[in-house]
Amino acid sequence: MATYKEEAIVLHAHDLGEADRIVSLITSGRGLRRAVAKGLKRTGSKFGARLEPFTHLHVVLHEGRNLDTVTQADIIASHAPLRDDFEKFLFGESMLEVIEKSLQENQNIPRLFEILRVTLDALEKGPRDLALLLAAFQLKVCALIGYHPHLERCLHCQREVKGEGARLDLAGGGVFCSSCHGETGPTVHLGPESLSLMCGMMGKGMAAIARMEVAPRISREVLGITFLYTESFLERQLRSRRIVLDHLDGKPRNHPT
Ligand SMILES: [Zn+2]
């Protein structure tokens, strides 16, 4: 079995017994990989502490049948501030969850690695609006995996959608104007401000989105919608949806994850 080098970001890590750590990684060239790092607690272990969620690394992996083995890991960006700041951690964890659930093992969509790398950098620097950054990230991930949302024109009549009464068809991947029907599944109401914000974000890079500021009510509404949109296409629930939205709504957390 071969040994290979990749740039990677740790999505998830858990210790196995005393000595080993299992990690999920998104790599720049080979998509999602699961790997084991052995001998963590042994004196002289070179990289145990480096394999934490959010860490961006150069890794050397030895290919295995079920799990690869990490043989080398060098930090490019530790992103430690994302683990030390409760809010950033919450939003960052949600980004990692979206990526992990977007890919099958060994499936590779190279731009997913890039969008995560850029977004984690923006998150660490401190975006003006965390909810907006996460919402934009979700929309862009959906677009990259093949579910680009059609937001400018009505799916049915093709007219530009403006004003009140627009609905986003979660399964159809686009909007219906107030006078059209034809939904293929559940829809959510999309206010004019939210719709125009979502259209605007699709054309902007993450660094520009990190500098945007809108009314908290609007970014909260948009994030609620993008969570539902993302879940609809992943055909899976996102554990982080309730946690992040409750946090924004000021509700206490009853169930630690
Ligand atoms: Zn229409």
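**View 1. Pairing of strands β6 and β8 in the predicted model.** Ala166 stands opposite Leu190, a residue of β8. In this predicted model, β6 and β8 (residues 187-190) run antiparallel to each other and are joined over 4 bridges.

**View 2. The hairpin of β6 and β7.** Strand β6 also pairs with β7 (residues 174-176), again in the antiparallel sense, over 3 bridges. Within this pairing, Arg167 is found opposite Phe176 of β7. The two strands form a hairpin in which 4 residues lie between them. Gly173, located in the turn, has a positive phi of about 75 degrees.

**View 3. The two faces of strand β6.** In a regular strand, side chains alternate between the two faces of the sheet. Are the residues on the two sides of β6 (residues 166-169) buried or exposed? Ala166 and Leu168 on one side are buried, and so are Arg167 and Asp169 on the other; both faces are thus covered.

**View 4. The contact between domain 1 and domain 2.** The domain assignment divides the protein chain into domain 1 (3-78) and domain 2 (81-248). Their C-alpha centres lie 29 Å apart. Domain 1 contributes 23 residues to the contact and domain 2 contributes 20 residues. The area buried between them is about 1800 Å², with carbon and sulfur atoms giving 66%. On the side of domain 1, Leu11, Leu32 and Phe54 lose the most area, together 40% of what that side buries.

**View 5. Polar contacts and strands at the domain interface.** Between domain 1 and domain 2 there are 6 residue pairs in polar contact, whereas 0 salt bridges are found across the interface. The elements giving two or more residues to the domain 1 side are β1 (3-16), β2 (20-27) and β3 (31-37). Of these, β1 gives the most, with 6 residues.

How values were computed:
Residues numbered from 1 in each chain as written. Predicted model: local features only at pLDDT ≥ 70, side-chain atom pairs only at ≥ 80, totals over all residues. Heavy atoms only, no water. Buried < 20%, exposed > 50% of the residue type's maximum accessible area, 1.4 Å probe, protein only. Pairing = 2+ DSSP bridges. Domains from an automatic or database assignment. Contact = heavy atoms within 4.5 Å. Buried area = accessible area lost by both parts, 1.4 Å probe. Salt bridge = Lys/Arg side-chain N within 4 Å of Asp/Glu carboxyl O. Polar contact = N/O pair within 3.5 Å; in protein donor to acceptor, adjacent residues only side chain to side chain.
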